[in-house]
Amino acid sequence: MAPFGKIYSYPGNFRVQRAQVVAGINGLESTKTPDFLAKFPMGKIPAFEGADGFYIAEGAAIAMYLAGSGPKAQQLLGAPTELQKRARITEWICFAETELNPQVLPAFVMCVLKYMPYSEQAYNNAANNLERALKRVDKAVDGGNKKFLVGDELTMADIMVAGPLFFGQGFLIDQKMREAAPGAIVSRQPGGYA
Ligand SMILES: N[C@@H](CCC(=O)N[C@@H](CS)C(=O)NCC(=O)O)C(=O)O
């Protein structure tokens with residue numbers, strides 16, 4: 001099936017979500033068309049297609065590509081000669097993808113989306129693993145005294161780590177974790193990490 005069309009939105013817009021539900025019911029999901037699957041065989045989002053025709057999947061890879069494509073590339077990723085800074089940023093990106101996302105996402109699927117049956121054991125495992133990871137972040141920012149994970153300015157390390165931590169609030173990050181790792185708490189309030 002050819003792509004039916006494109007809908008413009010910002011994330012979480014309920015008006016668009018209603019249209020997406022209807023599109024799903026009618027089999028018009030744009031991520032399952034042959035055209036989409038030819039470029040992105042996993043059929044998942046996020047998926048990026050540039051104006052120059054370059055396409056790439058995987059959220060972290062997309063973010064890295066965009067970070068490297070503008071005037072703030074060296075700030076966000078480190079300069080080509082700053083190998084250790086770049087390695088440190090990569091360390092945090094891997095940390096976000098392998099230590100944070102795998103805790104936050106299953107808890108979200110069980111508790112919020114309810115696609116998966118709730119398992120207390122799985123939830124507790126996720127919470128324990130996340131608490132350990134939050135303490136690691138807290139240590140890196142000296143309990144909140146340091147503003148950024150790498151160096152003295154915002155880098156991809158902060159952005160990639162802040163994403164799952166911000167998302168995890170409300171269904172996994174509880175008061176006990178906040179108290180155990182105050183510097184790792186991402187909040188919309190002034191003074192929160194990142
Ligand atoms: N490894 C991918 C995972 C992406 C992913 O799982 N996306 C979900 C939505 S958040 C998806 O497209 N699911 C639809 C499907 O599984 O068909 C990434 O990090 O970008």
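K114 is exposed because 9 other C-beta atoms lie within 10 Å; a residue counts as exposed if 12 or fewer other C-beta atoms lie within 10 Å of its own, buried if 20 or more do, and partly exposed in between, with C-beta atoms placed from the backbone. The model is predicted, so local features need pLDDT of at least 70 and side-chain atom pairs count only at pLDDT 80 or more, while totals for chains, interfaces and linings use all residues. Residues are numbered from 1 along each chain as its sequence is written.

K114 lies in the loop between α5 and α6, where helices (H or I, at least four residues) and strands (E, at least two) are DSSP runs numbered from the N terminus. Its phi is near 60 degrees, a positive value in a residue other than glycine. D142, in the loop between α6 and α7, also has a positive phi, near 50 degrees. D142 is exposed, with 10 other C-beta atoms within 10 Å.

Helix α7 follows, at residues 156-167. Its 12 residues should span 16 Å at 1.5 Å a residue, and its end C-alpha atoms are 17 Å apart, which agrees; the expected span is 1.5 Å times one less than the number of residues. Among the buried residues of α7 are M156, V161 and L165.

P46 is in the loop between α2 (34-39) and β1 (47-49). A cis peptide bond joins I45 and P46, with omega about 5 degrees.

By an automatic or database domain assignment, the protein is divided into domain 1 (14-57) and domain 2 (73-184). Their centres, taken over C-alpha atoms, are separated by 27 Å.
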